[in-house]
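Here is a short set of exercises to work through with the model open beside you. Each task is followed by a solution in steps.

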Amino acid sequence: MRTMISALAALSITLTAFAAMAQQSAPAPAAASAKPSVETTPIGDLVANEKTKAVLAKDYAGLLTYDGLDSIKGMTLRDISKFPQAQLDDAKLATIQKDFDAMPPS
């Protein structure tokens, strides 16, 4: 009986530790006021926001008319820049980021 109680106590402690680790390692949701980023903001979020969509329309209009847009909405602009057909180099990413940074806070 004592062995069973010890085993249950150890299991409880282990499960509590795993739950705590899972909470610590889970990514925090993006803050609503966070500045958009070519590095971290998903394309889906950029096209869903009127201000960032306007920047994309100005700086990278081909993205908004891309037939496969739905398939890349979980990626970032930096992610798709790795593909030559995206025609998105570091200079263009810098321009887009500069325009994101110049947007007034929401």
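**Exercise 1. Find the residues that glutamate 39 touches beyond four places in sequence, and place glutamate 39 in the fold.**

Step 1. Leaving out residues up to four places away in sequence, glutamate 39 touches Thr76 and Arg78; a contact means heavy atoms within 4.5 Å.

Step 2. A word on the source: this is a predicted model, in which local features need pLDDT of at least 70, side-chain atom pairs count only at pLDDT 80 or more, and totals for chains, interfaces and linings use all residues. Residues are numbered from 1 along each chain as its sequence is written, and side-chain values use heavy atoms, with hydrogens and water left out.

Step 3. Glutamate 39 sits in the loop between helix H1 (2–25) and H2. Helices (H or I, at least four residues) and strands (E, at least two) are DSSP runs, numbered from the N terminus.

Step 4. The side chains of glutamate 39 and arginine 78 are joined by a polar contact of 2.9 Å. A polar contact is a pair of N or O atoms within 3.5 Å; within protein, one must be able to donate a hydrogen and the other to accept it, and residues adjacent in sequence count only if both atoms are side-chain atoms.

Step 5. Glutamate 39 and aspartate 79 are 40 residues apart in sequence, yet their C-alpha atoms are 7.8 Å apart in space.

**Exercise 2. Is threonine 76 buried or exposed?**

Step 1. Locate threonine 76 in the loop between helix H4 (61–64) and helix H5 (77–81).

Step 2. Apply the cut-offs: buried means under 20% relative accessible area, exposed over 50%, and partly exposed in between (1.4 Å probe, protein chains only).

Step 3. Threonine 76 has a relative accessible area of 7%, so it is buried. Glutamate 39, with 39%, is partly exposed.

Step 4. Not counting residues up to four places away in sequence, threonine 76 touches Val38, Glu39, Thr40, Thr41, Pro42 and Ile43.

**Exercise 3. Which residues of H3 are buried, and what covers them?**

Step 1. The buried residues of H3 are Thr52, Val55, Leu56 and Asp59.

Step 2. These residues line one face of the helix, because they fall within an arc of 100 degrees seen down the axis of H3; the arc is that of the directions from the helix axis to the C-beta atoms.

Step 3. Recall the general rule: an α-helix has 3.6 residues a turn, so residues three or four places apart point the same way.

Step 4. Glu50 and Lys58 are exposed on the other side of H3. The cover over the buried residues of H3 includes H2, H4, H5 and H6.

Step 5. Finally, look at the start of H3, where a side-chain oxygen of asparagine 49 comes within 2.7 Å of the backbone nitrogen of lysine 51.

**Exercise 4. Which residues of H6 are buried, and which helices do they pack against?**

Step 1. Leu93, Ile96, Gln97, Asp99 and Phe100 are buried in H6. They cover an arc of only 160 degrees around the axis, which puts them on the same side of H6.

Step 2. Lys98 and Ala102 are exposed on the other side of H6.

Step 3. The buried residues of H6 pack against helix H2 (43–48), helix H3 (50–59) and H5.

Step 4. Zoom in on isoleucine 96: leaving aside neighbours within four places in sequence, it is in contact with Val38, Val55, Leu56, Asp59, Tyr60, Leu77 and Leu88.

**Exercise 5. Which members of the largest nonpolar core touch the most other members?**

Step 1. Start from the definition: a nonpolar core is a set of buried Ala, Val, Leu, Ile, Met, Phe, Trp, Tyr and Cys residues joined through side-chain atoms within 4.5 Å.

Step 2. The largest such core has 18 residues, and Leu63, Leu77, Ile96 and Phe100 touch the most other members. H2, H3, H5 and H6 are the elements that give two or more residues to this core.

**Exercise 6. What sign does the phi angle of glutamine 87 have?**

Step 1. Glutamine 87 has its place in the loop between H5 and H6, and counts as exposed at 65% relative accessibility.

Step 2. Its phi is positive, about 50 degrees, although glutamine 87 is not a glycine.

Step 3. Beyond four places in sequence, glutamine 87 touches Tyr60 and Lys92.
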